[in-house]
Amino acid sequence: TPHHLLLTTDLLNGYDPVFKVNPPLRPEEDVLALRAGLADGTIDAVATDHAPHARHDKEHAFVDAAFGMLGLESALSVVRTVMDGEFDWADVARVMSQVPARIAGLDAQGGQIAPGEPAHLTLVDPAATWTLDREASVSLSRNNPWHGREFSSRVVATVYGGRVTVRDGVLA
């Protein structure tokens with residue numbers, strides 16, 4: 001998951017339930033090993049554990065809080081930021097789209113856009129830098145571990161079945 005490529009057990013020192021996930025966060029050396037495995041192809045896909053929770057499920061003492069965190073809106077930016085210098089855009093597309101589509105049996109066109117067929121696309125501004133604000137999230141949930149962090153690259157639109165589904169963070 002994107003959060004396992006960046007977040008470490010150091011964040012658990014304050015017992016903030018936003019960082020309570022399963023599997024749990026790991027020490028920095030494990031995070032670095034995951035990045036190395038992703039870079040060398042040992043790990044072939046990145047997927048989110050997008051787990052939005054209502055405040056009444058997440059805002060408890062750490063031991064009583066629900067497991068999980070948001071991740072869908074920021075996944076591409078997290079991976080691109082974390083793997084910058086080790087990954088080019090073809091690598092990002094491979095681990096976040098092509099391989100997951102193959103695993104799920106959704107790659108009938110081999111990841112290609114076919115004439116006359118509806119497209120499934122993610123449009124990215126690779127030059128964008130942005131700071132995540134949990135209050136501006138499309139999700140109704142607020143258990144976002146990335147609040148206040150700056151990222152490179154930003155998804156500006158998604159197209160599913162030839163139809164724009166999200167544009168500039170707004171559901172179409």
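## Close-up views of a predicted model

**View 1. Arg55, a partly exposed residue.** Arg55 has a relative accessible area of 45%, so Arg55 counts as partly exposed. The model shown here, as in every view below, is predicted. Two acidic partners of Arg55 follow in the next views: Glu59 and Glu135.

**View 2. Glu59 and Arg55 form a salt bridge.** Their side chains meet with an N to O distance of 3.9 Å. Glu59 has a relative accessibility of 56%. The cut-off for exposed is over 50%, so Glu59 counts as exposed.

**View 3. Glu135 also forms a salt bridge with Arg55.** The closest N and O atoms of this pair are 3.9 Å apart. Glu135 lies in the loop between strand E1 (121–131) and strand E2 (150–160). Arg55 lies in helix H2. The two residues are 80 residues apart in sequence, so their pairing ties together separate parts of the chain. Glu135 is partly exposed, at 49% relative accessibility.

**View 4. Arg94 and Asp91 pair within helix H4.** A salt bridge joins the two residues, with the closest N and O atoms 3.0 Å apart. Both residues sit in helix H4 (residues 89–103). They are 3 residues apart, about one turn of the helix. Arg94 has a relative accessibility of 26% and counts as partly exposed.

**View 5. Shared partners build a salt-bridge network.** Arg55, Glu59, Glu135 and Arg142 are joined into one network. The links are salt bridges that have partners in common. Arg55 illustrates this, with a salt bridge to Glu59 and another to Glu135. In total, the structure holds 4 salt bridges.

**View 6. Ser74 is buried in a loop between two helices.** The loop runs between helix H2 (55–58) and helix H3 (75–82). Ser74 has a relative accessible area of 1%. Buried means under 20%, so Ser74 counts as buried. What does Ser74 touch, not counting residues up to four places away in sequence? Its contacts are Trp130, Leu132 and Trp146.

**View 7. Negative charge gathers in a surface patch.** Four residues make up the patch: Asp10, Glu28, Glu29 and Asp30. One of them, Glu29, belongs to helix H1 (residues 28–40). Is Glu29 buried or exposed? Glu29 has 55% relative accessibility, so Glu29 counts as exposed.

Definitions and conventions. Residues are numbered from 1 along each chain as its sequence is written. This is a predicted model: local features need pLDDT of at least 70, side-chain atom pairs count only at pLDDT 80 or more; totals for chains, interfaces and linings use all residues. Side-chain values use heavy atoms; hydrogens and water are left out. Patches are made of residues with over 30% relative accessible area and no salt bridge: like charges are joined within 9 Å, nonpolar side chains (Val, Leu, Ile, Met, Phe, Trp, Tyr) within 5 Å. Accessible areas come from the Shrake-Rupley method with a 1.4 Å probe; for residues, only the protein chains shown count as cover. Lys and Arg count as positive and Asp and Glu as negative; His and the chain ends are not counted. The place of a charge is taken as NZ of Lys, CZ of Arg, CG of Asp or CD of Glu. Helices (H or I, at least four residues) and strands (E, at least two) are DSSP runs, numbered from the N terminus. Buried means under 20% relative accessible area, exposed over 50%, partly exposed in between (1.4 Å probe, protein chains only). Contact means heavy atoms within 4.5 Å.
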